[in-house]
Amino acid sequence: MKKNIIIMYTISFLQGMVFYASISTLYRQAYGITLLQMGIIESVLAFLTIVLEVPWGILCDRMGYKKTLITCNALYLISKIVFYQAHNFPMFLLERVLLAIVIAGLSGCDTALLYESIEEKESTKVFGIYNACGTLGLLLAALLFSLYIQEDLLKASLWTIYPYAIAFFLTLFLQDVKKQGDSKEIISYKDITVLFKEKKNWIVFLLAVSLFNETVHTLGTFYNQLQYERVGIDIEWFGILYTLITLCTLSSAMIGKIVRYIKEETLISYLYILVISTCILLYFTTSPILSILCIMILQVSEALFYPLTNTLLNQNITNNRATILSCYSMLMNCNGMMTNIVFGKAADIDLVVAIIVGIVFLTIGFLLYQKWQKIQRECKE
């Protein structure tokens, strides 16, 4: 099964190589797409992703992980070709519709195949490296864009097609995995309802995870530039800071070594305390250096949080792994849509209001996580 791991790492790296990532808004504007139209397109993407999550999960468990990944990576490649050919609103919308199908299909399927291809004790390490490979691809693409593409927007789109074509080709060489003892029964929508009723404690966990993810990602990725402006950092530094902050996400590759000394459940608690403290500091500081340091801590925390939570979720699933992971993802995405609206309203008032909202969300998430841990301990006793 080592072949699966190597192939999945390589696919993650290749699909991280989006050469137009840093100029995607300018690219669309060059073809007459307004910011309002971009907002509509992204709303369609979010809505379709949530709607398609569970159907794709059920289909994945029926088809198998390999066939699902082949289908999704083929559509991924087609979406990049459509983006290259897009010159108007309908074509850019079509690209996002295809992307929604891909995101919903890959959600849970890629991590499920990885988890089934390794020993359980290696899962956190593998998920961390898998995440870091995508970041490496993004960094290489950004470097090549700066050196060789620069102002040629169309070339940036064209070059993105090549790594996605290779990624699709590599998917054909994956070995499908099905653990002995897995149930042959395919989960139904009725079973899903029963599942959530029986595992209310995992709903608590998912809400806690979602509040952490959405808050840290929003403040650390979307609003970091607003913080830079707030503390007086010149815009000419934003490109360098973007590269520096992106490098921080490579820390996920170290998670395998960290969990040798600190249990996953305990480390998650530490990360909650760290990000809450960081957001409080972010609220009070007017220092450029401290602001950059806070954003870096948020990025590192987000990178470490991803493999930890993926491990805990996978460890507690025995059958229909892709379907259940898709259900979990759907619940977190629904919660994410609500928190994003709240963040948007708060940021329209002032960035410091958004930071306060983030502190509140993280505190609620931490309390929910503590409640989940208590329930888990009681279940084991």
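This passage describes the nonpolar core, one helix and the aromatic contacts of a predicted model.

The largest nonpolar core comprises 102 residues, and the members that touch the most others are Met 8, Phe 205, Phe 212, Tyr 228, Tyr 272, Leu 298 and Tyr 328. When residues up to four places away in sequence are left out, Phe 212 touches Leu 271, Tyr 272, Val 275, Ser 301, Glu 302, Phe 305 and Leu 362. Among these partners, Leu 271, Tyr 272 and Val 275 are buried residues of helix 14, whose buried positions also include Glu 264, Leu 267, Ile 268 and Leu 282. Helix 14 runs over residues 264-284, and because each of its 21 residues is taken to contribute 1.5 Å, with one less than the number of residues being counted, a span of 30 Å is expected, which agrees with the 31 Å between its end C-alpha atoms.

Aromatic residues were examined next. The structure holds 22 aromatic pairs. In one of them, the ring centres of Tyr 20 and Tyr 27 lie 6.3 Å apart and the planes meet at 35°, so this pair is tilted; both Tyr 20 and Tyr 27 are buried. The pair formed by Phe 83 and Phe 92, by contrast, is edge-to-face, with 5.5 Å from centre to centre and 80° between the planes, and these two residues are likewise buried.

Phe 212 and Tyr 272 also belong to one aromatic cluster, together with Trp 202, Phe 205, Phe 305, Phe 366, Tyr 369 and Trp 372. A further arrangement involves a charge and a ring, in that the charged end of Lys 80 sits over the ring of Tyr 164, at 5.1 Å from the ring centre.

Key: Residues numbered from 1 in each chain as written. Predicted model: local features only at pLDDT ≥ 70, side-chain atom pairs only at ≥ 80, totals over all residues. Heavy atoms only, no water. Core = buried A, V, L, I, M, F, W, Y, C linked by side-chain atoms within 4.5 Å. Buried < 20%, exposed > 50% of the residue type's maximum accessible area, 1.4 Å probe, protein only. Contact = heavy atoms within 4.5 Å. Helix = DSSP H or I, 4+ residues; strand = E, 2+ residues; numbered from the N terminus. Phe/Tyr/Trp six-rings, centres within 6.5 Å; stacked < 30°, edge-to-face > 60°. Lys NZ or Arg CZ within 6 Å of the ring centre and 35° of its normal.
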